[in-house]
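Me: I have a model open and would like to know what stands behind the words used for it. Could you take me through them?

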Amino acid sequence: MSEKSPTKINIFDTTLRDGELTPEVTMNLQQKIEIAQLQEAIGVDIIEVGYPGAFPKDFDEVLALAKIIKNSTVCGLASSKSSEIERVAEAIKPANRGRIHLYSTVNLKDRSQTLKNHALNLIKNSITLARNYCDDVEWSAFDAARSDRGFLCKSVELAISSGATTVSIPDSFGSLTPEEFSELIATVVNQVPNIDRAILSVHCHNDRGFAVENSLAALPHGVRQIECSVNGLGARKGNADLSQIVIALSPSPDYFTDINPESCNNVSQLVTQITGIEPP
Ligand SMILES: CC(C)[C@@](O)(CC(=O)O)C(=O)O
């Protein structure tokens, strides 16, 4: 009888990007360098450093870390606007491993065909442009939790056929329970015919206190990347906490990460020192 070997779960840490949206939190370049170097040392797979299109200081931070970090992937966020994509592409150019992370909304104001076609065109064009600059492109289905499921699945299929190598399903406003989020991920996996051609990711917010539970509940459907942050930092009530995710997956018969749970403490302490925010 052959035993199934455990699946590696990529850890995508967004402390430096979504974490900086925590009310009253800001980090300067030196602090971001310190945090990222420690994250690299403990084995974080992808470090999301900033959103250059929204915050000019983030451009310098992504660029600086692209030069310093060698083993982790350095990632910057952009909307579907060409100018934002080009800024991220420029900032990650020196990176050993770089990623462009795109997002566009799948929760449309009305269900008219014109609006749908427009949204689908943005997905296709933005991913095609990003792929001209970088082989590693992630696309996030912003506000997937409150979207029409048929349209969400169509968008994910198009994102993958347009060249997205990772596709993320966020619960952008932390509105779902673990049961509901698990069902959402199952729908995507069952209804998107090319889903196997990309790495499926989740990004959960903690508004109702379910960010960690929701992320873990999605794993049995084939999710291979979890987006999280040190001390659960992030917009409003934050994201899934890195330490809690890593602890839950080690040991686990089905999954593993490259991070040792004890080493999370060092990063957690450093982030507390810098932000004043204690671990959850
Ligand atoms: C980029 C995306 C995953 C986002 O973080 C959106 C954002 O912060 O703008 C979300 O929670 O939906």
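Reply: Gladly; here are the terms, each set against its definition. This is a predicted model, where local features need pLDDT of at least 70, side-chain atom pairs count only at pLDDT 80 or more, and totals for chains, interfaces and linings use all residues. Residues are numbered from 1 along each chain as its sequence is written, and side-chain values use heavy atoms, leaving out hydrogens and water.

Me: What makes the pair between Arg 17 and the ligand a polar contact?

Reply: A polar contact is a pair of N or O atoms within 3.5 Å. A polar side-chain atom of Arg 17 lies 3.0 Å from a ligand oxygen, so the pair qualifies. Asp 18, at 3.3 Å, and His 203, at 3.1 Å, also have side-chain atoms that pair with an oxygen atom of the ligand.

Me: Why are two residues of the shell around the ligand called charged?

Reply: Asp, Glu, Lys and Arg count as charged, and the residues around the ligand (a heavy atom within 4 Å) include Arg 17 and Asp 18. The shell also has three nonpolar and five polar residues.

Me: What makes phi of Asp 143 worth a remark?

Reply: Phi of Asp 143 is near 60°, a positive value in a residue other than glycine. Most residues other than glycine have a negative phi.

Me: How do you know that the peptide bond from Ser 250 to Pro 251 is cis?

Reply: Omega of that bond, from Ser 250 to Pro 251, is near 0°. Most peptide bonds are trans.

Notes. A polar contact is a pair of N or O atoms within 3.5 Å; within protein, one must be able to donate a hydrogen and the other to accept it, and residues adjacent in sequence count only if both atoms are side-chain atoms.
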